[in-house]
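User: I'm new to this one and would like a close look at a single part, the open sheet. Could you walk me through it, and then show me how it sits among the rest of the chain?

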Amino acid sequence: MLVPKNEPFSLIELIDKIPLEKTGIRNSLFAIRNDVQANSNTQIEYIESWDKNIYIGTSDGSILHYTINKYPNNENKFNNNSFIYYKSECRFIQRKNISDKKPINKLIIIPSESILLVLCDNTIIFLDSKSLNNIASNKISPIKNVLNVCTNEAISSNLQICVAKKYSIEYINFDHGVHQLMELPHNYSNIIKMRCFSNKVCIADNTSYNIYDITNGESISLFSYNQTYGKPLIDTLDENEFMFFRVFISSKGDATRGTLQWQYYPNSIAFQYPYMLALMDDNTLAVHNILDQKLIQTIHIPREIQQYQITNAKLIFNNNEQKNDSKNLNAKVLLYSNSKLYALTMKPIDFQEAKLRQNYRDAGYVLMNETLFDDALEYFQKGNVNPINLINLFDEYRVSSLVTSPTKFENNELIPNSINSIIKRNLDKNYKDIDESTKESFSQAFYENAKNMLMKYLKYARKNKISSGKKQEIDTTLLKLYVESNDKKLYNLIKDENHCSIEESIEVLKKKNKYYAMGLLYESKGLQQKALNIWIKIESKQLEDPDFPGLNYIVDFLSNVDDKELVWKYAKWILNEDQHLGAKIFTSEKNNSLDPNSVVNYLEHHWNDATLVYLEHLIKDLKIENSTFHTKLGLKFIESIIRYIESSRDIFEEIDQEFHKISENISYITFLKTKKENEIVSCRLKFIDFIQNSEYCNSNELLKKLDQYTILLIEKVYLFSKSFEHEKALKILLYQLNDYIGAEEYCHGNKKKWEKQNINTKTPINSNFEINDSNNQIRNSSFTSSNLFLNSVQKKNESLYLILLRLYMKMDNRDLLAPKIIKVLNTCYQELSLKEVLDIIPLHWSLNMLNNFLSRSIRNNVHIEQQTKIVKNIVKGENENVKYTLAKYLEESSPLIIDNNTKCSQCNNEIIDKCFIRTIDGKIVHFNCYNKKL
């Protein structure tokens, strides 16, 4: 099988021979002879680079400074036994001796400050990056007792560094001077290697790998390693991902992706996204893609060159012939030995991807020619093959308007003429001896596999950039494939945004009786009326399509459509089919913008149930306070209840008869709630709930309607209660329904309702004023006008129990009901006047029967009288205090003069009334103006 190759890195030779030996004092103006041999005892310890500058630190304490002098080109391309590289030129600048014996452990350049940081003999010294002269200690002092140092790689200018000492880690900033940002302790025995990105420091001590947080000093121990295999390997990918040895780890210490597989333990590694480079002891450089952990390139280094290392760099090769900086060549990885220095430059990602995609496409065509369609699909997807080329292999899907020749960058020799020719050639080659019928079945199976491959690829292509300019052909072909295979994915294709050719697609769908899909396609193209016409024909059995969801689908469509003309046009058909579903169209959130008056007028002529549902929506959901709508809803409830009763009178009478059997233990309304699963009862309970909660319905109009029907008694009770005609309500409960428990509950319920209104509404007789002694100002603390409505409610409710008692006494069987009457007296004695009760009670009732009531009532009267005296005296004392405070204030304050020029600060009119207010800030305000402001 063809395996596409991708070789992203090229080598550039920077220095052919590195002069590591010391030859006494060397004048940098003299050129270095190329024939000088390197001292075998001297090695390169570290290389730092920035822009065109290269700094080499040696094991004998020297620093060599080079600059890149020439841009590499194809003329300087060399091939040494398949070791291909380009040549550049570097100019030697100078050499600086730091120590005679100690090696240069690390070099860091800080370009914005022109500083070269040098770690040697556990001490960091600072040099001028251009002259390599020492920077005066009074400007930057050397840092001693240093184990290791690294830059914060999240900051490109190297302005922040981490310094590891024996017991602590320091974080230092070099922006306009040296500033220690923080210092935190650590417990590592040694810090052999360290890399920093943002607030995380990757550390290798003597035995294990760790992640250290420089913001809080917390350490995460990862796993151990053995130094006998080699030096610890650490690299940073980004803020949240690092690599330790060959394991990718998140900043929280969790594994993030697969593990790299190396043949040997590398002696050094470097990273340039998305590739990890590892240098092996067998002189090979392995390049892995971290995204899939696959080996994608191997560079074989000549064996005569020994002791190679790789490191990350920041070099730029300027192309003087190009004015555009984007044409400059960046090198982020260096490969070096004790004698040579190479830069590894990565080809642009887009160039690599284009080359690789072409290889994948070629591989896909090779596999397809062998009828390995599933394997070919994988390579077609990786190579982003032109979907038109695949479509045109199938004669029935070929679009005549397309240019059928392959695009110019694809290999024409590999692209077959058609799928049929591939299948025929393979059958003739591999199945010569089979009979024609078997060969035909094989051919059909191969063809179905090929169509399945095409379907999968087109699904992939329509979601990627390769669909640009080809969307109509892709979607139209996919539609044909789905229709032929009866695949339900057809509906997902059409419901979402699509680019199907409508004429061609409609023709295909019509042939296969896919009428529901036809409607969806019309809808997706904005032809909503055509879509509705088709769906209505399906629902009315003029067309057949088992995939159509039904009437609910049309309702949902009209509930969310933007074109209101379609709503009015097609709602009538829906309402005639199902009133409740038809009403759902108008109650949808999308159609709340329709004029409620128009909708109600439209519905109430022919569709009572739909009108009721819509009015309920207006009042319960939209909280509309229109009295006309409230009253109409009540009338619709009545009409609906009557229709139910007329169609099921027997059920209605059975319910009433069942209640009379158990009326001694339960009220009529409570009994109805136990039967709410019954359709008649459910509607009645909804109406009663509406009466109780609606503040805007016209009770008199509803009562007139109910007077036409003598059977809806409990509904009248609640309407009479709403209009405070309690005696009429209680007469129905006692005389017609024989609902004695319901009568008591009626009195209790209305009493609680009044108490709740009394709590929520203040009705003070006088205004209350507070005088602030600290500033001698008078302010109004609370004032509200008397509530006439509440007073009327109080008058109408305070004698409810007396009304109930009088009605009991007018009944012929009052003596039989004596226990019930006595119960009312004993439980409601606080609401009844003792004198009025004694006037009503029959003379032949014994005193013993009334004993509990009399004792409780007398005790309650005495209690009220005593409480009244206490309250009276408290109020009297408070009044005297207020009078005293007011008098004191009037004595101490200057008189307030009101004349024709005095105006209200609120309305700017003259102060004429005797009642006015002086506010805390000294302004004069009308009494009414002040209350309006409150």
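Analyst: Let's start with vocabulary: helices (H or I, at least four residues) and strands (E, at least two) are DSSP runs, numbered from the N terminus. Counted that way, the chain has 29 helices and 32 strands. Residues are numbered from 1 along each chain as its sequence is written. Keep in mind that this is a predicted model, where local features need pLDDT of at least 70 and side-chain atom pairs count only at pLDDT 80 or more, while totals for chains, interfaces and linings use all residues, and that side-chain values use heavy atoms, with hydrogens and water left out.

Now to the sheet itself. Two strands pair if DSSP finds at least two bridges between them. Here 4 strands make up an open sheet, in the order β11-β12-β13-β14, with antiparallel pairing. At the edges are β11 (146-151) and β14 (179-185), each of which pairs on one side only. From one strand to the next, the twist averages 20 degrees; for such angles, axes are lines fitted to C-alpha atoms, for helices over the stretch in contact, and the angles run from 0 to 180 degrees between N-to-C directions. As background, strands of a sheet pair through backbone hydrogen bonds, either parallel or antiparallel.

Let's go through the pairings. β11 and β12 are joined by 5 bridges in the antiparallel sense, and C150 has C162 as its bridge partner in β12. C162 also has a partner in β13, namely Y171. Strand β12 (residues 160-165) and strand β13 (residues 168-173) run antiparallel too, with 5 bridges joining them. A164 takes part here, with I169 as its bridge partner in β13. The link from β12 to β13 is a hairpin through 2 residues.

How enclosed is β12? Buried means under 20% relative accessible area, exposed over 50% and partly exposed in between (1.4 Å probe, protein chains only). In β12, 5 of the 6 residues are buried, so the strand is largely enclosed by the rest of the structure. For the chain, 45% of its 934 residues count as buried.

Stepping back from the sheet, what else is going on? Contact means heavy atoms within 4.5 Å. Among contacts between residues at least 6 apart in sequence, 55% join residues at least 24 apart.

Aromatic rings give some examples to look at. Rings of Phe, Tyr and Trp (its six-membered ring) pair if their centres lie within 6.5 Å; planes under 30 degrees apart count as stacked, over 60 as edge-to-face and the rest as tilted. The count by this rule is 35 aromatic pairs. One of them is F9 with Y275, edge-to-face at 5.7 Å centre to centre and 75 degrees between the planes. F9 lies in strand β1 (residues 9-15) and Y275 in strand β23 (residues 275-279), so this pair ties together parts that are 266 residues apart in sequence. Both F9 and Y275 are buried. Another pair, Y602 and W607, is tilted, with 5.5 Å centre to centre and 45 degrees between the planes. Y602 is partly exposed, at 22% relative accessible area, whereas W607 is buried, at 5%. There's a cluster as well: ring pairs link Y491, Y516, W535, F548, Y553 and F557.
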